[in-house]
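Trainee: Could you walk me through this model and show me how each label is earned?
Mentor: Gladly. Ask me about any label, and we will set its value against the rule.

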Amino acid sequence: MNKRIIYELKGIYRDTFRVTGYEFGTGEKSVCIVGSSRGNEVQQIYCCSQLVKKMKQLEEEGRITQGHKILVIPSINPYSMNIQKRFWSTDNTDINRMFPGYNLGETTQRIADGVFREISEYRFGIQFTSFYMPGDFVPHVRLMDEGFSDPETARQFGLPYVIIRRVRPYDTTTLNYNWQVWDTQAFSLYTSTTSRLDRTSAGQAVLAVMNFLSGQGMLKYSIPDGLHSRIVHDEDMVMIKTAKSGIFEPMVKAGEEVRAGQPLANILDPYEGDILETLYAPFGMVVFFVHNEPLTYANTAVVKLIEKY
Amino acid sequence: MIKTIAAVGLPVDEVLEIRRNRILPEQPAENRKRISIVTGIHGDELEGQYVCFELQRRIEQGKECLAGIVDIYPAMNPLGIDSITRGIPAFDLDMNRMFPGDIDGSMIEYVVARIMEDVAGSDCVLDIHASNIYLTEIPQIRINELHQDTLVPMAEAANVDLIWVHGASTVLESTFAYSLNRIGTPVLVVEMGVGMRITRRYGDQLVDGIFHLMKKMGIWTGEVKPARKPVISRNPEDVCYLNAGMGGVFIPDVLHGAKLRKGEIIGRIVDPLCGKVLDEVRTPEDGMLFTIRDYPVVVEGSLMGRLLKKEVCGYE
């Protein structure tokens with residue numbers, strides 16, 4: 001293992017901002033894995049820490065195939081993590097909206113540029129990321145529909161679902177999008193949570209990366225047979241939206257199978273406790289996403305259902 | 001005539017409302033021209049608040065001269081304005097990356113779609129911004145190069161100091177201005193002053209410009225002041241960016257708008273802990289400092305100013 005500074009920036013009153021990477025194996029730049037880019041992505045840094053631990057062990061056991069270099073960067077934004085702020089500490093910009101970056105630009109553009117120079121030549125890029133809406137997910141791998149990434153390759157993660165999402169204008173400055181512009185096959189890996197730890201889904205994420213590396217012949221690792229992800233386009237999911245704002249009382253969890261007509265959540269009057277609205281499953285499906293904040297707004301997709309795996 | 005154009009119930013005993021004030025001429029007539037003044041998409045940018053007030057105050061003083069419709073939208077992001085938040089509180093989303101919205105979408109997408117519906121069809125829209133809390137800007141209009149043929153002639157009537165025609169960028173396709181310009185409703189994006197403050201001088205200048213523009217459009221028949229001739233920049237090479245080479249506290253040595261010679265000191269980056277000057281920020285070319293840093297703390301890369309080259313400004 002080679003631990004090294006990928007990028008650094010001097011602070012005025014804070015310690016130097018450092019982006020640290022862990023390299024395993026030697027040879028062609030095969031896979032780069034990036035963890036948290038926002039200050040609240042604690043689950044994402046945790047997944048990477050578990051991955052670094054596992055990769056250390058596998059390297060010591062000589063199980064990384066010759067000729068492959070694998071880089072893990074647990075966080076590209078430790079400054080924001082240390083002050084528990086989602087975006088950049090001073091100007092609130094999002095590093096994951098600054099790629100490919102600009103070395104003469106503003107601070108987060110420089111960070112994005114410094115990081116991207118190091119990671120843009122890898123064959124595969126994997127990013128642990130989070131959704132802008134608070135909620136719990138079924139772990140899955142996500143890729144963009146117009147990109148260089150291949151859904152069949154995404155199946156090698158062995159997660160139940162591969163989600164293909166439509167590219168929107170604001171996606172064009174994300175790491176995932178820009179990786180693909182520079183011919184890296186990029187995948188976003190979503191585990192269950194963001195700002196709190198979920199050990200089980202973090203374990204699933206580590207295993208998913210092991211499956212992928214093994215499938216690519218970069219790792220000697222025994223993977224279970226019969227892994228076959230279902231490929232779903234995001235517009236094929238069923239959104240269950242609130243009509244009312246209020247207290248959100250979920251009755252299901254992400255990953256749970258539900259029957260048609262099953263109650264999914266109640267929206268309660270915050271003063272009197274009355275049920276303002278009950279949300280029901282229109283079909284027998286699997287709960288893919290559940291909002292996890294105690295309050296909700298009207299017109300919000302608080303539950304997303306997906307075809308059974 | 002105040003109308004709520006979008007309303008959504010919030011979780012605890014409050015309704016989020018976006019409101020518009022429509023000012024109509026005394027004599028009703030069909031096919032009146034319509035100008036819309038929009039501000040507050042970023043909740044920490046308040047320069048447009050004064051413009052909305054002052055414009056209405058002056059219209060009221062000469063109401064008989066009003067020959068068209070003036071729509072005032074002072075608070076597109078009321079929760080942001082109330083909580084001194086640039087984006088939409090609770091979501092941490094930039095409202096100006098949500099357009100054109102979706103009437104069947106989430107709460108914010110719905111609100112944005114309602115705003116689009118209401119503003120669409122205006123003969124001219126001014127979307128007034130105030131830079132951000134870090135930088136002060138001279139009154140200027142920014143125009144996407146895709147729409148310059150329609151917008152530059154309108155902007156020239158608006159009494160601003162600079163018209164900055166910038167390159168097209170995919171990420172800007174989700175802005176209010178792009179989304180409306182794309183469907184044929186002309187939007188001029190005004191940037192002036194600084195976040196969280198009102199610069200009355202700039203507000204008065206823009207209100208003069210709005211009256212001049214309204215006169216040109218046939219919305220106002222009264223006397224107006226002549227509009228100043230703006231500098232028009234179409235070439236990215238016209239502008240020099242001054243980014244901090246290191247972190248520290250920026251102490252400016254010149255005033256905003258100063259016309260400077262190459263090599264002059266704009267300011268210093270200092271280290272208050274050691275009492276040392278870390279860097280002297282000098283002008284790379286002759287030019288006018290049209291942007292200057294207002295918030296003193298800088299880190300490497302922070303923008304401290306923008307300089308418009310002398311040959312573009314055309315001053316002696």
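Mentor: Remember that this is a predicted model. Let us start with one residue: leaving out residues up to four places away in sequence, Val138(A) touches Tyr161(A), Tyr190(A), Ala254(A), Gly255(A), Val287(A) and Phe288(A).

Trainee: Where does Val138(A) lie in chain A?

Mentor: Val138(A) sits in the loop between E6 and E7 of chain A. One of its contacts, Tyr190(A), is 52 residues apart from Val138(A) in sequence, yet the two are 7.9 Å apart in space, C-alpha to C-alpha.

Trainee: Is Val138(A) buried or exposed, and how do you know?

Mentor: Its relative accessibility is 8%. Buried means under 20%, so Val138(A) counts as buried.

Trainee: Which domains make up chain A?

Mentor: Chain A is divided into domain 1 (2–232) and domain 2 (237–306). Their C-alpha centres lie 30 Å apart.

Trainee: What makes you say that domain 1 and domain 2 of chain A are in contact?

Mentor: Contact asks for heavy atoms within 4.5 Å, and 13 residues of domain 1 of chain A meet that rule with 14 residues of domain 2 of chain A. The area buried between these two domains is about 1,100 Å², with carbon and sulfur atoms giving 71%. On the domain 1 side, Pro134(A), Asp136(A) and Val138(A) lose the most area to domain 2, together 41% of what that side buries.

Trainee: How many salt bridges and polar contacts are counted between those domains?

Mentor: The count of salt bridges there is zero, while the rule finds five residue pairs in polar contact. On the domain 1 side, strands E6 (135–137), E7 (140–144) and E8 (161–165) of chain A each give two or more residues. The largest share, three residues, comes from E6(A).

Trainee: Now for the two chains. How many residues of chain A are in contact with chain B?

Mentor: 30 residues of chain A are in contact with 35 residues of chain B. About 2,700 Å² is buried between the chains, and carbon and sulfur atoms give 62% of that area. In chain A, Ile12(A), Tyr132(A) and Tyr297(A) lose the most area to chain B, together 22% of what that side buries.

Trainee: Why is the pair Arg110(A) and Glu300(B) called a salt bridge?

Mentor: The rule wants a side-chain nitrogen of Lys or Arg within 4 Å of a carboxyl oxygen of Asp or Glu. For Arg110(A) and Glu300(B) the N to O distance is 3.5 Å, and the cut-off is 4 Å, so the label fits. The count between chain A and chain B is one salt bridge.

Trainee: What about Asp113(A) and Arg117(A), where are they placed in helix H3 of chain A?

Mentor: They are four residues apart in helix H3 of chain A, and so are separated by about one helical turn. They form a salt bridge, with the closest N and O atoms 2.8 Å apart.

Trainee: Which of the two is buried, and which is exposed?

Mentor: Asp113(A) has 11% relative accessibility, so it counts as buried. Arg117(A) is exposed, because its relative accessible area is 54% and exposed means over 50%.

Trainee: What makes Arg57(B) partly exposed?

Mentor: Its relative accessible area is 34%, which falls between the 20% and 50% cut-offs, so the middle label applies. Its salt-bridge partner is Glu54(B), with the closest N and O atoms 2.8 Å apart. At 5% relative accessibility, Glu54(B) counts as buried. Salt bridges that share partners join these two with Arg58(B), Asp204(B), Asp208(B) and Lys225(B) into one network.

Trainee: Which residues touch the most other members of the largest nonpolar core?

Mentor: That core has 49 residues, and Ile35(B), Leu55(B), Val70(B), Leu126(B), Leu188(B) and Met214(B) touch the most other members. Helix H6 (residues 200–217) of chain B gives the most to this core, with eight residues. The core draws at least three residues from each of domain 1 (2–233) and domain 2 (236–313) of chain B.

Trainee: And why might such side chains gather?

Mentor: In soluble globular proteins, nonpolar side chains tend to be buried together.

Notes
Residues are numbered from 1 along each chain as its sequence is written. Chains are lettered from A and ligands numbered from 1 in the order in which they are written. This is a predicted model: local features need pLDDT of at least 70, side-chain atom pairs count only at pLDDT 80 or more; totals for chains, interfaces and linings use all residues. Side-chain values use heavy atoms; hydrogens and water are left out. A nonpolar core is a set of buried Ala, Val, Leu, Ile, Met, Phe, Trp, Tyr and Cys residues joined through side-chain atoms within 4.5 Å. Buried means under 20% relative accessible area, exposed over 50%, partly exposed in between (1.4 Å probe, protein chains only). Domain bounds come from an automatic or database domain assignment. Buried area is the accessible area (1.4 Å probe) that two parts lose on being put together, summed over both. A polar contact is a pair of N or O atoms within 3.5 Å; within protein, one must be able to donate a hydrogen and the other to accept it, and residues adjacent in sequence count only if both atoms are side-chain atoms.
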